[in-house]
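Let's take a walk through a protein model and see how a few of its side chains meet. Have a look at the sequence and the structure first.

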Amino acid sequence: MALGFLDDVGLSLPKTGRGFEPLPLPMRYAILGDIHSNLTALEAVLKEVDRLGVDRTYSVGDVVGYGGAPREVLDLMRERQIPAVKGNHDAAVVGELDTAFFNPMARAAVDWTRAELTERDLDWLQNLPLTIDMEDGSISHGTYAHPEAYEYIQSTDDAEPSLNLQPTMACFVGHTHVPVTILRLKEDPTRTFYTVDTEVDLSLAQRALVNVGSVGQPRDEDPRAALGIFDAETGQFRLHRVEYDIDREAKRILAAGLPEMLASRLFMGI
Ligand code: ZN
């Protein structure tokens with residue numbers, strides 16, 4: 001009669017089976033756009049990620065290039081275990097992409113970055129995948145349809161092949177450093193729209209391709225670091241902007257001997 005006794009004092013035996021399995025939690029994702037070796041911006045964005053209580057953080061690539069703290073940024077990415085896809089600058093640094101088509105400033109930063117990094121850093125970059133499919137969305141640097149080509153999505157037409165191919169409703173990208181959402185609505189999936197709204201209800205979308213802007217080198221004339229937050233339960237996407245100490249990163253770029261423009265553009269968000 002042990003069971004009866006336990007019940008009498010308000011205890012119960014541990015149950016087994018489905019009743020005690022945790023239900024899947026609704027996921028909130030933080031998506032980090034082009035970080036570009038900007039340590040202070042990344043630290044500020046991760047502080048906001050912690051404040052918001054996000055479940056998972058991902059990066060859409062271009063973790064390095066342009067900025068002056070590639071080693072520190074890669075250390076932080078590994079410490080926080082942030083999965084990333086490979087951007088064109090990441091690929092160029094490990095010799096997988098010819099920099100002949102890079103502008104001279106970008107090329108100078110790629111060469112400088114390669115010399116700064118350890119073997120472990122270079123291995124980490126080399127082993128990045130071109131796309132990641134999460135439970136509630138996908139990630140690529142330029143396009144989902146041709147990630148190895150590093151094409152820019154600057155129109156709804158540019159987005160069509162990716163929208164047709166992506167396995168789930170949402171796909172997150174970077175590359176242009178300009179936030180925009182391109183979407184097909186459930187009520188009429190034959191038409192493709194875009195919006196630059198910072199809050200978008202993706203529960204209305206049949207397919208959406210979201211450019212989350214850039215953490216470390218915004219180019220939408222807003223110098224604050226960008227951070228995309230996607231709530232997979234409600235379908236809400238929100239682009240947050242975070243102030244950071246731009247002066248600190250600009251000085252680091254100049255101290256590294258990198259082109260002056262790479263420092264000054266950070267203040268203007270271009
Ligand atoms: Zn980039």
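Start with Ser59, which sits in strand β2 (residues 56-59). Helices (H or I, at least four residues) and strands (E, at least two) are DSSP runs, numbered from the N terminus. Before going further, know that this is a predicted model, where local features need pLDDT of at least 70, side-chain atom pairs count only at pLDDT 80 or more, and totals for chains, interfaces and linings use all residues. Residues are numbered from 1 along each chain as its sequence is written, and side-chain values use heavy atoms, with hydrogens and water left out.

Is Ser59 buried or exposed? Its relative accessibility is 0%, so Ser59 counts as buried. (Buried means under 20% relative accessible area, exposed over 50%, and partly exposed in between, with a 1.4 Å probe and protein chains only.) Who are its neighbours? Ser59 touches Leu32, Ile35, Met77, Ile82, Pro83, Ala84, Val85 and Ile139, leaving aside residues up to four places away in sequence; touching, or contact, means heavy atoms within 4.5 Å. A polar atom of the Ser59 side chain also lies 3.1 Å from the backbone nitrogen of Gly61.

Now for charged pairs. Side chains of opposite charge can pair when their charged atoms come close. A salt bridge is a side-chain nitrogen of Lys or Arg within 4 Å of a carboxyl oxygen of Asp or Glu, and a search of the whole structure turns up 17 of them. Here are three:

| Pair | Closest or N to O distance |
|---|---|
| Arg78 and Asp121 | 2.7 Å |
| Arg241 and Asp220 | 2.7 Å |
| Arg224 and Asp222 | 2.8 Å |

Take Arg78 and Asp121, which form a salt bridge. Arg78 lies in helix α3 (residues 70-79) and Asp121 in helix α6 (residues 119-126), so this pair ties together parts that are 43 residues apart in sequence. Both Arg78 and Asp121 are buried.

What about Arg241 and Asp220? Arg241 belongs to strand β11 (residues 236-242), while Asp220 is in the loop between β9 (205-211) and β10 (225-231), so the pair links parts that are 21 residues apart in sequence. Arg241 counts as buried at 18% relative accessibility, whereas Asp220 is partly exposed at 27%.

Arg224 and Asp222 make a salt bridge too. Here Arg224 is partly exposed, with a relative accessible area of 31%, and Asp222 is buried at 18%. Put together, Asp220, Asp222, Arg224 and Arg241 are linked in a network of salt bridges.

Note on methods
A polar contact is a pair of N or O atoms within 3.5 Å; within protein, one must be able to donate a hydrogen and the other to accept it, and residues adjacent in sequence count only if both atoms are side-chain atoms.
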